[in-house]
Amino acid sequence: MRTHPVLMRLLAFAAIVAVVACVFQSLTPTFLTAENLRGLLRHMAINGLASLGLTFVIVVRHVDLSFPGVASLGAMTLGWLISTNAPLLEAVCGAMAVGAAFGLLNGIAVARLKLPDIVTTIATGGLAIGLAYFYSDGTTISQNFMMSGLLDLNDAKVFGIDEPFAILLATAVIAYLVLHTSRAGHAFYATGENPVSARFSGIGVRRTVVLAFIICGVTGCLAIMLLVASAGASDVTAGNQLLMPAFAAVYLGAALFGRPSVPATMAGTLLMSMMLSGFVLLATPYYYSDAIVSTVLIAAILAFDPDLLRAVRHGIPTGRERAV
Amino acid sequence: MEAERDIVLSASGIEKRFGDVIALDCVDFDLRAGEIHALLGVNGAGKSTLIKILSGVYAKDGGTVTIRGEPVELGTPRAAIEAGIAVVQQHPELVSDLTGAENIFLGQEAPRPGLFRRVDAAGIASRAARLLHRFPIRIDLDQRIGDMPPVEREIVAILHALRLEDARILILDEPTSTLTEREKSSLFAMMRTLQASGIAIIYITHRLEEVFEIADRFTVFRGGRNVATMTVADARATRASIPNLMLNEAAGEIFPPHGDEQEGEILLETRDLGREAAFEGISFAARRGEILGIFGLIGSGVDALSKVLFGAIRADTGEILLHGRSVRLRSPADALAHGIFLVPGDRRSEGLSMEEDVVFNMTLANLGRASWCGFMRAGANRRVARDLMRRVDLQPMRLARPLRGFSGGNQQKVVIAKGLYRRAQVYIFVEPTIGVDIGARAKIYLLMRDLAREAAVIVMSSDCDEVYGVADRTVALYKGSPVGHPERGIPRNQLLHAGIMGRLDQ
């Protein structure tokens, strides 16, 4: 009898979560308190939203390095709109529209003009950061934040769950439905895996890639909305901290579950947030925790890339190869 | 005997098996010093396998190889190089951004001593000059490879293979398939230069006229055996029919019976279709209820033709008619919507998502039918896939297994199932049985015949037996031009002749 592969992976994931929790609990007794776990989930909401959008781009086998910059522009757009007395909903929609516009720009550049994704998205991210300075010459914006209701996003509860985490859950459910049960989801995976066969199967490959970039841009701005709500101000560098945890979460999840997917990304985000929150409790300087996140990212890439993996365990055939 | 002493390479009783398939069955072969020896045979006849054994890529299962009388073991490419055998692959891999000379000595730059281990450009230039002194060929080796025409790249690849002083045997695998007429003659000129300097050349080709132009002797392979070795002069004198030697009389057994002679309605028609540097003047009609076979070697334009008919690339001239109406196919999606389905020649890179499972792949070309309000009908799709799996006889019957876990033949069955699910009117098969074992081949031919009941089927292949065996009507494509009359069809030996000589046998 073969053990069920998905079950095995779930057990492995649970074991890793347990180990990480035990290690931090033994180092700092406050780790497993209700207060800290609430904070952890709130933090996870921010990184999780950015990671969910990035998952789509990774599934179509591209890379988006622009979303932190775009999110910063989204943060400033949001702050500026609120400071001009715009209603909260309009302000949020404005920020998301910025994300969608840059996603469209990235998608057209990469899918239609065939520009290299890494360099292109670095450039568009830089462009977005430049634009972010226009609103206030780079100073933080926080006028009207108290009255607008934005800060309530961070503190309110929905069915007993903190609102940021509720937003993450709702987004994850939608992302799951799209990526794993819809027609479009098949197009995303088919495009990523073999664009030629996808095209020969009648799938609009370019359109699919553009859509993935748009989703990534929008969720990045959703994430920044929660970050602005918790910080109480919009800052031109707000998005910078999104980059590394999002990539690490997607790749870590893909390494754990064999391929990038919505559940994998959520699992990866949970692990990343646990680690980041633990390091905060331990009062580790941020540069050390950055270094550790980066190390986790490299390890995850190593585990996710089948060629690398094969090179590492050279000579030992995997189950798949034996099947052939 | 005079000839005996001249033999540089002799192989006797060579055997090679792949599982149950016997690729080489007790093959004898010898090569004389300074001769150009052509290897002929249809796809799968065994010539490539012999070459791979001689170049150390495959280990032989039986037989002996001697070089200048000494027995040698050619188990690895290195052993073959040390035995003086140099090979130029069919598509040599060169670095576009380096010059010809740099490509020749790639990996052997012998850097200057010192901290930076700089490449010794002067050293490379002088070694290149020495090489050109041995083989007086007119070529500018300081040019970038990317700027060179195909024939000069081929020459660089040959010089790369001959860069070692003791290479005495050169193997060329279909070097002319991408060359124009004029380029071909400069390649032949180089081959004669090499020949004059005492190098023996084994030359694989599909084109018979080249054999008479350049070779001294030739060997014909069929079904893993050496069926004839003779000098070109003898072949001329006795008027031996090489196509007849190449054809396999027993090959007919795996093909299903042909369709009945009723004329179905014309579903797809082309009029004077042409594409720059690929093919021209293609006019044919594909009817419901029949299989149209197009025989063409690599470089004959069949691959481009299939992609034009599927909307993946555009035609420059002519028109495509579906149900008698002229259509413009802008994309594969467009072609699919018009009821055309392509089973591409390279299923791994063009036909399948190898990491995805059988259900995913079978439904991919018809997501509209597989979904409801944008959501996949998971249960229904699994049922449909199970039926399709039985219909194409997929082995093993595992719906959840990723495609990479199936054999080549079963992967091809999944592509066909994908086409069945699409319910197209016109099915185009390109090289349908490359890398497919004999059992799966028979099943695939049966499925084509099955499809042809409701639709028009077009088979394009470089395997003459396959085209002849499965198709009701056949036409040959030679260097982009059709040979033979598609309405009447041509007999089997004529078909092979047309595809490799470019004209019908008079």
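Reader: Where does A:Val23 stand: buried, partly exposed or exposed?
Author: Buried means under 20% relative accessible area and exposed over 50%, with partly exposed in between (1.4 Å probe, protein chains only). Because the relative accessible area of A:Val23 is 40%, this residue is partly exposed.

Reader: Thanks! What kind of model am I looking at?
Author: Residues are numbered from 1 along each chain as its sequence is written, while chains are lettered from A and ligands numbered from 1 in the order in which they are written. Side-chain values use heavy atoms, leaving out hydrogens and water; local features need pLDDT of at least 70, side-chain atom pairs count only at pLDDT 80 or more, and totals for chains, interfaces and linings use all residues, since this is a predicted model.

Reader: Which helix holds A:Val23?
Author: Helices are DSSP runs (H or I, at least four residues), numbered from the N terminus. The run in chain A that covers residues 5-27 includes A:Val23, and its name is α1.

Reader: How much accessible area does the nonpolar patch with A:Val23 have?
Author: Nonpolar patches join side chains of Val, Leu, Ile, Met, Phe, Trp or Tyr within 5 Å, in residues with over 30% relative accessible area and no salt bridge. A:Val23 shares its surface patch with A:Val19, A:Leu27 and A:Leu282. Together these residues have an accessible area of about 330 Å².

Reader: Over to chain B: is B:Thr363 buried or exposed?
Author: B:Thr363 lies in helix α14, residues 358-363 of chain B. Because the relative accessible area of B:Thr363 is 2%, this residue is buried.

Reader: Which backbone oxygen does the side chain of B:Thr363 reach at 2.8 Å?
Author: A polar contact is a pair of N or O atoms within 3.5 Å; within protein, one must be able to donate a hydrogen and the other to accept it, and residues adjacent in sequence count only if both atoms are side-chain atoms. A polar side-chain atom of B:Thr363 lies 3.3 Å from the backbone oxygen of B:Phe360. At 2.8 Å, the partner is the backbone oxygen of B:Val359.

Reader: Which residue of chain A forms a salt bridge with B:Glu356?
Author: A salt bridge puts a side-chain nitrogen of Lys or Arg within 4 Å of a carboxyl oxygen of Asp or Glu. Between chain A and chain B the count is one. Its closest N and O atoms are 2.5 Å apart, and the partner of B:Glu356 is A:Arg259.

Reader: How many residues does chain B give to the contact with chain A?
Author: Contact means heavy atoms within 4.5 Å. Chain A gives 22 residues, and the number from chain B is 32.

Terms used: Patch = residues over 30% accessible without salt bridge, like charges linked within 9 Å, V, L, I, M, F, W, Y side chains within 5 Å. Areas by Shrake-Rupley, 256 points an atom, 1.4 Å probe, with all protein chains shown as cover. Helix = DSSP H or I, 4+ residues; strand = E, 2+ residues; numbered from the N terminus.
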